[in-house]
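Trainee: I should like to learn how the features of a protein model are read. May we work through one together?

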Amino acid sequence: MHALVVFESMYGNTQAIAEAVARGLATHGTVDVVEVGAAPDQVPPGVDLLVVGAPTHAFGLSRASTRADAAARVPNTTLVSHGRGVREWLDLVRTTATGTEAVAFDTRVRKPRVPGSAAHKADKELRRHGFTVADAPETFWVEGVTGPLVPGDLRRAQTWGDALGRTAKDTLTV
C-alpha cells in the first residue's frame, strides 16, 4: 500500500495530525507526507490512498483571506503553509490512477464550538473529482485558534491512520 498525505497547516497543529496519521499508515506500507504548497497537481500513479488534511477556517476550507487573517492573528509567527491551500489544490488535483481511494480530516477549535468543517468540504471535492472515499471525514480538536491539540488526539490520529492503512491493505489484497 502506498499513501500520500497532503496537509495545510497554519500553526503546526494540522501538520502534527498529518504526521501522526502517517505513522499509523506506515505500519501497512509506504507513506509520503507533503505540505500542500509542495504537493503535485496530480496524484502520482501507484498511490493507493490519498489523505487530505486542513484546518477549518470560516466554516470550511481556508481561503487566501482567511490565511492572511491567520497570519495577522499571531504576528511574528512563521506559518507552516504559505501560498495555496487545500481549497485551491483540490481545484487542480486529479488522479492518474483509477481506484485511488481518498479520505479527509480537519482540525477545529473545540470551544467555542463553531459549525462547519474543512474535512466535509474536502470530502465533497474529492468525490466530485472521482475519488472513491475510503472513510467518513474525521475531525481532530485544538484547544484554541493556535492550539495546542486536545490531549489524546495525536494518539487518536495515529490509530485512525493505522485503521485506514489496514482497510486499504485489505482492499488491495482482495
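Mentor: Let us start with strand pairing: two strands pair if DSSP finds at least two bridges between them. Please keep in mind that this model is predicted.

Trainee: Which residue of strand 2 is the bridge partner of His2?

Mentor: His2 has Thr30 as its bridge partner in strand 2. Strand 1, residues 2-7, and strand 2, residues 30-35, run parallel and are joined by six bridges. Between them the chain passes through helix 1, and this β-α-β crossover from strand 1 to strand 2 is right-handed.

Trainee: How is empty space found in a model, and how much space lies in the largest pocket?

Mentor: Rolling a probe the size of a water molecule over the atoms shows where empty space is left. In this structure, the largest pocket holds about 530 Å³ of space. Its lining comprises 27 residues, and those closest to the centre of the pocket are Thr56, His57, Ala58, Val109 and Val145.

Trainee: Which helices and strands each supply at least two residues of that lining?

Mentor: They are helix 1 (13-26), helix 2 (64-73), strand 6 (101-109) and strand 8 (138-142). Helix 2 contributes the most, with four residues. By residue class, the lining of the largest pocket has 13 nonpolar, ten polar and four charged residues.

Trainee: How many aromatic pairs does the structure hold, and how is the geometry of a pair judged?

Mentor: The structure holds three aromatic pairs. For the geometry, planes over 60 degrees apart count as edge-to-face. Phe105 and Phe140 form such an edge-to-face pair, with 5.9 Å from centre to centre and 80 degrees between the planes. Because Phe105 lies in strand 6 and Phe140 in strand 8, the pair ties together parts that are 35 residues apart in sequence.

Trainee: Why is the pair of Phe105 and Trp160 edge-to-face?

Mentor: The planes of these two rings are at 80 degrees, with the centres 6.2 Å apart, so the pair of Phe105 and Trp160 is edge-to-face. This pair also links distant parts of the chain, since Phe105 is in strand 6 and Trp160 is in helix 5 (residues 153-173), 55 residues apart. Phe105, Phe140 and Trp160 form one aromatic cluster.

Trainee: Are Phe105 and Trp160 buried or exposed?

Mentor: The cut-off for buried is under 20% relative accessible area. Phe105 has 1% relative accessibility and therefore counts as buried. Trp160, at 10% relative accessibility, counts as buried too. Phe140 is also buried.

Definitions and conventions: Residues numbered from 1 in each chain as written. Predicted model: local features only at pLDDT ≥ 70, side-chain atom pairs only at ≥ 80, totals over all residues. Heavy atoms only, no water. 1 Å grid on protein atoms, 1.4 Å probe; cavity = no way out; pocket = protein on both sides within 12 Å on 5 of 7 lines; lining within 4 Å. Points joined across faces, edges and corners; volume = space filled by probe spheres on them. Nonpolar A, V, L, I, M, F, W, Y, C, P; charged D, E, K, R; others polar. Right-handed = clockwise from strand over helix to strand, strands pointing away. Phe/Tyr/Trp six-rings, centres within 6.5 Å; stacked < 30°, edge-to-face > 60°. Buried < 20%, exposed > 50% of the residue type's maximum accessible area, 1.4 Å probe, protein only.
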